[in-house]
Amino acid sequence: MRHPAVAFALALAVGLPAPALAFGLGYGFAVHQAEFTRKHQSGKSPVRVQYPVHRITLIDTTGALASVIASARYDYKQEVSQYSITTTETWSAEYTPMSEGVRVRLAYAWSGGERDTQVRGEPLRSLDTEFSEFQFTVGGLLNLAPMYVDLDMIDIVLRDLSNDEVVLDRALWNFDLEVGVIKGPLRFGGRVEVDLVAAVDALFDDAPYGYSYGLAANWDYYPLIVTAQWATYQHHNGDYGGRFDRVNGRMLSLGATAEW
């Protein structure tokens with residue numbers, strides 16, 4: 001079973017020249033301050049949670065990982081005889097050389113422990129809070145010095161946060177765009193992310209949509225890339241979040257990636 005949407009986005013990404021063919025491994029740290037708005041308020045106040053997030057990232061700009069993902073196949077075959085049933089499951093992928101320019105990111109983020117949580121109008125409490133996030137992106141960097149365009153045509157996120165007051169359980173498909181200027185090893189620009197699934201929900205069901213916008217600064221000094229970001233965001237919980245309809249928040253992050 002092939003994935004045509006992924007393959008199509010990968011094909012588009014081929015046209016985006018990357019600075020180098022490399023693998024990268026990165027670590028980042030972010031602080032989030034989020035406000036969870038309950039469904040059907042009925043006198044219940046929003047809940048604010050502040051939590052730190054650790055993130056590790058694998059980056060591939062060689063095209064190897066992208067081509068393998070795009071060609072992934074799953075085959076299922078069942079043979080029935082008079083005396084038995086034999087089931088065969090096969091996973092396969094193949095490497096196809098691709099032009100320079102595809103960037104694939106795999107990331108895992110987590111947080112855990114007692115975090116400041118406050119229902120508006122009530123005392124601040126420290127509650128055991130668990131956060132996890134898996135992310136898969138496909139995109140590229142277009143250098144138009146003195147400007148640049150950095151985009152992810154696919155940004156799939158699985159996000160989960162919970163404690164005794166809040167629940168966030170959401171699958172996202174984002175489109176990310178960062179545009180800015182280049183000055184020597186520095187890149188500085190504005191960044192926007194749009195939750196495409198929530199945007200469709202908003203069009204047909206008058207539901208809150210998901211977005212993020214902010215500023216990003218990058219220091220490219222190969223083999224090291226240092227990134228700082230500030231963003232404000234709104235996540236739509238949809239049917240996944242139980243008691244909560246949306247999450248509004250702010251985020252400040254700092255991270256570094258080493259390439260080889």
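A salt bridge is counted here when a side-chain nitrogen of Lys or Arg lies within 4 Å of a carboxyl oxygen of Asp or Glu. By that criterion, the side chains of Arg-170 and Asp-195 meet in a salt bridge, with 3.7 Å from N to O. Arg-170 belongs to strand 8 (residues 167–183) and Asp-195 to strand 9, so this pair ties together parts that are 25 residues apart in sequence. Both Arg-170 and Asp-195 are buried, where buried means under 20% relative accessible area, exposed means over 50%, and partly exposed falls in between (1.4 Å probe, protein chains only).

The model is predicted: local features need pLDDT of at least 70, side-chain atom pairs count only at pLDDT 80 or more, and totals for chains, interfaces and linings use all residues. Residues are numbered from 1 along each chain as its sequence is written, and side-chain values use heavy atoms, with hydrogens and water left out. The predictor's confidence in each residue, pLDDT, runs from 0 to 100. Its mean for the protein is 84, and 85% of the residues reach 70 or more. Among the elements, strand 9 (residues 186–195) has the highest mean pLDDT, 96, while helix 1 (residues 4–13) has the lowest, 48. Over residues 1–8 the pLDDT stays under 50, and the model gives this stretch 13 contacts beyond four places in sequence. Residues 10–19 are also below 50, with 31 contacts beyond near neighbours in sequence. Where pLDDT is low, the predicted coordinates should not be read in detail.

The secondary structure comes to 3 helices and 12 strands; these are DSSP runs numbered from the N terminus, helices being H or I over at least four residues and strands E over at least two. Of the 260 residues in the protein, 40% are buried. Counting a contact as heavy atoms within 4.5 Å, residues 24 or more positions apart account for 62% of the contacts with a separation of 6 or more.

The whole structure holds 16 salt bridges. One of them joins the side chains of Arg-159 and Glu-133 at 2.6 Å, N to O. Arg-159 is in strand 7 (residues 147–162) and Glu-133 in strand 6 (residues 125–144), so the pair ties together parts 26 residues apart in sequence. Arg-159 is buried at 13% relative accessible area, and Glu-133 is buried at 4%. Strand 9 takes part again through Arg-187, which lies 33 residues from Asp-220 of strand 10 (residues 210–221); the side chains of these two meet at 2.7 Å, N to O. Here Arg-187 is buried, at 9%, whereas Asp-220 is partly exposed, at 26%. Shared partners also join Arg-103, Arg-105, Asp-150, Asp-152, Asp-176, Glu-178, Arg-191 and Glu-193 into one salt-bridge network.

Two members of that network, Arg-191 and Glu-193, are among the residues in contact with Ser-212, along with Val-192, Ala-231, Thr-232 and Tyr-233, leaving aside neighbours within four places in sequence. Ser-212 sits in strand 10 and is buried, with a relative accessible area of 10%.

Turning to the surface, Leu-144, Met-147, Val-179, Val-181, Phe-188, Leu-215, Trp-230 and Leu-252 make a nonpolar patch of about 740 Å². Patches consist of residues with over 30% relative accessible area and no salt bridge, joined within 9 Å for like charges and within 5 Å for nonpolar side chains (Val, Leu, Ile, Met, Phe, Trp, Tyr). Met-147, in strand 7, is partly exposed at 42%. The accessible surface of the protein, from the Shrake-Rupley method with a 1.4 Å probe, comes to about 14,200 Å², of which 62% belongs to carbon and sulfur atoms.
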